[in-house]
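The exercises below ask the reader to work through one protein model, a task and then a solution at a time. Please keep the sequence and the structure in view while reading.

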Amino acid sequence: MREGVTPAGRRTAVGTVPNVAGTDGEGGLLGLELSPHFRSDHWLYLFHTSPTDNRIVRIKYENNVLDLTTEQVLLSGIARSKFHNGGRIRFGPHGKLYAATGDAQNGSNAQNLNSLNGKILRLNPDGSIPADNPFPGKYIWSYGHRNIEGLAFDSHGRLWEAELGNSITDELNLIHRGGNHGWPACEGTSGDCGDPTFVHPVQTWPVADASPSGLAIVNDHLYMGALRGLRLWRMKITGGTTTTPQSYFTGTYGRIRTVEPSPDGGLWLATSSGDKDSTPDNSADQIFHLSLTR
């Protein structure tokens with residue numbers, strides 16, 4: 001289900017995305033992004049779990065509703081699992097669509113360049129493979145990832161990502177074209193991380209303090225939502241690294257799932273309660289607006 005929300009909190013259903021299926025875990029309707037030319041082309045891009053796979057589709061939003069006759073499946077065949085489905089999608093500064101996929105609970109997928117899982121994928125808006133991707137004929141932009149739920153671009157056009165670790169360390173990464181981020185051999189800085197080809201994380205957290213999801217950048221400050229950590233992390237980008245992360249709202253709003261820039265230079269936060277207990281219709285999710293000062 002897609003809904004519009006007014007500043008007063010009133011919700012309006014605009015349509016149901018077809019063929020969405022849960023996994024009794026972390027599957028379902030996972031990612032949403034507007035076309036860079038949304039005012040003229042009206043395309044909504046979505047990442048979702050289907051009964052057989054994870055996939056990326058686009059549907060036009062016309063006359064305040066989803067026009068389901070316009071649906072196009074852009075990329076299918078991304079393996080699904082109960083957990084580790086990824087799902088965040090972002091358009092980059094050059095009009096390409098970036099999609100974060102989980103390893104589908106199979107770490108070997110992350111190092112397999114013939115698998116779409118455990119990767120950041122890069123697509124043309126029509127779903128075709130960009131000619132300048134690092135591996136000819138493949139959607140893969142970077143690999144060696146476990147489960148990514150946060151993507152954001154900075155003022156220099158660089159892609160940052162937030163990644164859930166296994167049981168030791170969560171990561172903030174600066175993504176490089178064709179980079180190998182080491183999973184499953186390396187989790188953060190733990191494990192067999194000595195391979196000189198591995199890209200090391202910019203920041204790490206114990207999983208109890210983070211389990212990161214949404215990621216946003218405003219005025220070159222990174223804002224990262226934490227699920228298990230029940231907080232918002234903030235850090236300033238300085239070159240290829242960041243300042244020491246600072247935490248806010250610890251325990252105040254619960255699991256913070258989504259962090260998005262708002263048109264007024266602030267942030268939208270969305271919580272994610274009742275999503276891990278398999279009990280239907282028990283969520284009390286909320287959306288908050290934050291004003292930011294420089």
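Helices and strands are DSSP runs, numbered from the N terminus, where a helix (H or I) has at least four residues and a strand (E) at least two. The model studied here is a predicted one.

**Exercise 1.** Locate asparagine 147, decide whether it is buried or exposed, and find what its side chain reaches.

Solution. Begin with the strands: asparagine 147 sits in the loop that runs between β10 (140-143) and β11 (148-153). Next, take the accessibility, where buried means under 20% relative accessible area; asparagine 147 has a relative accessible area of 2%, and therefore it is buried. Then follow the side chain of asparagine 147, which reaches the backbone nitrogen of glycine 86 at 2.9 Å. Finally, list the contacts, leaving aside neighbours within four places in sequence: asparagine 147 is in contact with Glu26, His84, Asn85, Gly86, Gly102, Ala162, Glu163 and Leu164.

**Exercise 2.** Histidine 84 is among the contacts of asparagine 147; state where histidine 84 lies and what is notable about its phi.

Solution. The loop between β6 (65-78) and β7 (89-91) holds histidine 84. Its phi is positive, at about 65°, although histidine 84 is not a glycine. With 12% relative accessibility, histidine 84 counts as buried.

**Exercise 3.** Compare the settings of aspartate 103 and glutamine 105, and say how the side chain of aspartate 103 is placed towards glutamine 105.

Solution. For the location, glutamine 105 is found in the loop between β8 (97-100) and α2 (108-111), and aspartate 103 is likewise in the loop between β8 and α2. For the accessibility, aspartate 103 is buried, because its relative accessible area is 2%, whereas glutamine 105, with a relative accessible area of 42%, is partly exposed. For the backbone, glutamine 105 has a phi near 60°, which is a positive value in a residue other than glycine. For the link between the two, the side chain of aspartate 103 reaches the backbone nitrogen of glutamine 105 at 2.9 Å. As a last step, leave out residues up to four places away in sequence, and aspartate 103 is seen to touch His84, Asn109, Asn117, Gly118, His145, Arg146 and Trp183.

**Exercise 4.** Find which cysteines the disulfide joins, and work out its handedness.

Solution. The structure holds one disulfide, and it joins cysteine 186 to cysteine 193, with an S to S distance of 2.0 Å. The torsion about the S-S bond of these two cysteines is about 95°, so the disulfide is right-handed. Turning to accessibility, cysteine 186 counts as buried at 3%, and cysteine 193 counts as buried at 13%.

**Exercise 5.** Describe the largest cavity by its volume, its lining and the strands that contribute to that lining.

Solution. The largest cavity contains about 50 Å³ of space. Its lining is made by Gly144, Arg146, Glu163, Leu164, Gly165, Thr169, Glu171, His181, Trp183, Cys186 and Glu187. Sorted by class, these residues divide into three nonpolar, four polar and four charged. As for the strands, β13 (169-174) and β14 (186-187) each supply at least two residues of the lining. One of the lining residues, Trp183, also leads into an unusual-looking step to examine: the peptide bond from tryptophan 183 to proline 184 is cis, with omega near 10°, and proline 184 is found in the loop between β13 and β14.

**Exercise 6.** Describe the second largest pocket by its volume and its lining.

Solution. About 160 Å³ of space lies in the second largest pocket. It is lined by 14 residues, and those closest to its centre are Tyr98, Trp141, Phe153, Gly157 and Leu159. By class, the lining of this pocket has six nonpolar, four polar and four charged residues.

**Exercise 7.** Place serine 262 and identify the side chain with which its own side chain makes a polar contact.

Solution. Serine 262 is in the loop between β22 (256-261) and β23 (267-271). Because its relative accessible area is 8%, serine 262 is buried. The side chains of serine 262 and histidine 289 are joined by a polar contact of 3.3 Å. Not counting residues up to four places away in sequence, serine 262 touches Leu267, Trp268 and His289.

Notes: Residues numbered from 1 in each chain as written. Predicted model: local features only at pLDDT ≥ 70, side-chain atom pairs only at ≥ 80, totals over all residues. Heavy atoms only, no water. 1 Å grid on protein atoms, 1.4 Å probe; cavity = no way out; pocket = protein on both sides within 12 Å on 5 of 7 lines; lining within 4 Å. Points joined across faces, edges and corners; volume = space filled by probe spheres on them. Nonpolar A, V, L, I, M, F, W, Y, C, P; charged D, E, K, R; others polar. Buried < 20%, exposed > 50% of the residue type's maximum accessible area, 1.4 Å probe, protein only. Polar contact = N/O pair within 3.5 Å; in protein donor to acceptor, adjacent residues only side chain to side chain. Contact = heavy atoms within 4.5 Å. Disulfide = S-S within 2.5 Å.
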